[in-house]
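Good morning, colleagues. Thank you for making time for this short presentation. I would ask you to keep the sequence and the structure in view as I speak.

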Amino acid sequence: MSEMKYVTVTALTKYIKRKFDVDPHLKDIWVKGELSNVKMHSRGHMYFTLKDEGARIAAVMFAGQNSSLKFKPENGMKVLLRCEISVYEPSGSYQMYVKEMQPDGIGSLYLAYEELKKKLEQEGLFDQKHKQPIPKYPQAIGVITSPTGAAIRDILITIKRRYPSAKVIILPALVQGIHAGPSVVGAIKQANALGYLDVLIVGRGGGSIEELWAFNEEMVAREIFNSAVPVISAVGHETDYTIADFVADLRAPTPTGAAELAVPHFAELLERTSNRQTRLLRAMQEKISSKKEQLAYYQKSYAFKYPKQLYQQKEQQLDQLVEALQKESIRSIQLKKDKYDQLKNRLSRLHPREQIHREKEKHQQLIKKMNRDMSVLLRQKQAEFQSMTASLNALSPLKIMERGYSIAYQNENLVKSISQVKTGDDLHIQMQDGQVICQVTGVEERKAYE
């Protein structure tokens with residue numbers, strides 16, 4: 001039987017867990033079902049089972065996520081969960097790790113809200129760089145809401161109380177029901193077509209998510225984003241957030257708050273104007289006082305009391321300055337002249353003609369020196385030659401032959417011994433004044449005693 005390969009339970013569980021973790025469909029998924037076995041751990045974590053008619057799955061929601069829940073989860077409650085599916089290695093079972101939880105009663109609307117919010121945010125409709133500034137002192141304010149609701153009454157009262165000079169243009173629109181979205185879009189288009197509105201308030205009073213849904217529709221969000229008139233959203237209560245709030249240039253917690261953000265408070269403007277007027281008067285008085293003191297100082301000064309003496313002093317100072325200027329001019333001219341002469345002399349020394357002349361003189365000196373050195377060297381060599389000639393003459397065979405000596409040659413070979421010749425050989429005898437050609441008739445050896 002061939003050897004079989006086995007894996008450990010831990011290795012198998014890790015392998016299965018990696019399969020779950022790399023599946024993108026299990027990283028962020030919405031699941032709905034019924035809660036059961038809900039248990040709250042002492043550390044704040046919540047453990048429960050989510051079930052339906054056909055299956056059940058274990059789930060955990062850690063303290064960091066469930067601390068923001070606005071309701072208390074209980075057994076039997078229908079919920080909508082956003083979670084991640086993974087494997088819990090110690091038990092080898094898969095379970096849900098819950099990120100968000102909502103009651104199932106608003107599940108479909110909440111899903112649509114989250115999907116549209118994510119889509120528009122990715123397109124950049126919420127980006128702060130697209131927000132328009134709200135005018136500080138608007139003259140004409142457009143209000144898009146129901147003409148019969150409490151919201152319009154609160155807005156009108158607040159604007160009249162805070163900034164009565166502003167003109168309010170009411171643009172009636174449906175704010176609830178299936179026709180509310182197109183109605184709000186039409187009102188925003190109408191407001192932009194008027195061409196004179198400074199700011200636009202769009203909203204309604206509080207209500208359920210279904211009642212506020214018109215302000216979560218994509219058509220309304222895009223129309224608010226495209227509005228040339230700055231938009232303040234005022235939908236529901238302070239805790240209510242709609243898509244319109246994220247797209248608008250400014251969000252107000254309530255319709256009354258929108259009116260307060262749209263206009264300044266008249267009393268505050270008066271107080272601010274009064275304060276600035278007071279500060280301006282004080283600054284003017286301080287400026288006048290300062291100039292008066294400066295004028296008094298000038299009036300008491302020597303120049304105003306004795307203008308003639310001051311004039312004479314200035315005349316004398318002018319004479320001194322003119323004299324100093326003349327001296328300085330003469331000195332400056334002399335300095336420039338001296339510098340010119342120096343440059344001229346330097347230029348003369350460096351002129352090619354002068355350089356050629358100096359080089360010629362140097363050449364003549366070198367020639368004279370060379371002639372002197374050659375004469376001395378010639379005399380030295382002549383003396384050496386005469387000395388060597390005298391030594392050569394003293395050693396020369398010719399001098400010896402002058403005393404009666406001669407040299408014998410046989411076939412150009414010098415004959416130094418009788419052993420080199422025999423009877424009958426021809427010899428050449430070299431004398432002082434020529435050669436003698438002779439023949440050997442006999443050879444005698446000299447005795448030692450001779």
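I shall go through the domains, then the cores, then the sheet, and finally some single residues. Please bear in mind throughout that this is a predicted model.

Let me begin with the overall layout. The domain assignment divides the protein chain into domain 1, residues 7-103, domain 2, residues 107-263, and domain 3, residues 403-431. How many ångströms separate the centres of domain 2 and domain 3? Taken over C-alpha atoms, the separation is 153 Å.

For the N-terminal part, there is an annotation to report. The unreviewed UniProt entry carries the annotation "domain: OB-fold nucleic acid binding" for residues 8-102. In the model, residues 8-102 are 47% strand and 18% helix, and the C-alpha atoms at the two ends of that stretch lie 40 Å apart.

One residue in this part deserves a remark on its backbone. N37 belongs to strand β1, residues 29-40. Its phi is near 55°, which is a positive value in a residue other than glycine. As a general matter, most residues other than glycine have a negative phi. N37 is partly exposed, because its relative accessibility is 45%, between the limits of 20% and 50%.

I turn next to the nonpolar cores. The largest nonpolar core has 34 residues, and the members that touch the most others are I144, L171, L197, L200, F215 and I224. Which elements each supply at least two residues of this core? They are the helices α3 (107-123), α5 (180-194), α6 (218-226) and α7 (243-247), together with the strands β6 (140-145), β7 (167-172), β8 (199-204) and β9 (231-235). Helix α5 gives the largest share, namely 6 residues.

We may take I224 as one example from this core. Leaving aside residues up to four places away in sequence, I224 touches I188, V231, A244, V247 and A248. There is also a second, separate core of 17 residues, and I152, V199, A234 and V263 are included in it.

Helix α8 comes next. This helix spans residues 255-262, and its buried residues are P255, G257, A258, A259 and A262. Among the elements that cover these buried residues of α8 are α4, β8 and β9.

A residue of helix α4 shows such a contact in detail. T158 lies in α4, residues 150-162. Is T158 buried or exposed? T158 is buried, because its relative accessible area is 4%, and the cut-off for buried is under 20%. Apart from residues up to four places away in sequence, T158 touches T256, A259 and E260.

A loop residue may be set beside it. S208 sits in the loop between β8 and α6. With a relative accessibility of 32%, S208 counts as partly exposed. S208 and D240 are 32 residues apart in sequence, while their C-alpha atoms are 9.2 Å apart in space.

I come now to the sheet toward the C-terminal end. Here 4 strands form an open sheet in the order β12-β11-β13-β14, with antiparallel pairing. The edge strands, each pairing on one side only, are β12 (413-414) and β14. In general, strands of a sheet pair through backbone hydrogen bonds.

Let us follow the pairings of β13. Strand β11, residues 407-410, pairs with β13, residues 426-431, over 3 antiparallel bridges. Within that pairing, Y409 has H428 of β13 as its bridge partner. On β14, residues 434-439, the antiparallel pairing with β13 comprises 6 bridges. I429 is bridged to V436 of β14, and L427 stands opposite C438 in β14. A hairpin of 2 residues joins β13 to β14.

Between β11 and β12 lies a loop that holds E412. The phi of E412 is near 65°, again a positive value in a residue other than glycine. E412 is exposed, because its relative accessible area is 76%, and exposed means over 50%.

I close with the cysteines. How many disulfides does a search of the whole structure find? The search finds 0 disulfides. Of two cysteines I can mention, C83 is buried, at 0% relative accessibility, whereas C438 is partly exposed, at 30%.

That concludes my presentation; I thank you for your attention.

Notes
Residues are numbered from 1 along each chain as its sequence is written. This is a predicted model: local features need pLDDT of at least 70, side-chain atom pairs count only at pLDDT 80 or more; totals for chains, interfaces and linings use all residues. Side-chain values use heavy atoms; hydrogens and water are left out. Domain bounds come from an automatic or database domain assignment. A disulfide is a pair of cysteine sulfur atoms within 2.5 Å. Buried means under 20% relative accessible area, exposed over 50%, partly exposed in between (1.4 Å probe, protein chains only). UniProt positions are given in the numbering used here, feature names are shortened, and annotations may be inferred rather than shown by experiment. Two strands pair if DSSP finds at least two bridges between them. Contact means heavy atoms within 4.5 Å. A nonpolar core is a set of buried Ala, Val, Leu, Ile, Met, Phe, Trp, Tyr and Cys residues joined through side-chain atoms within 4.5 Å.
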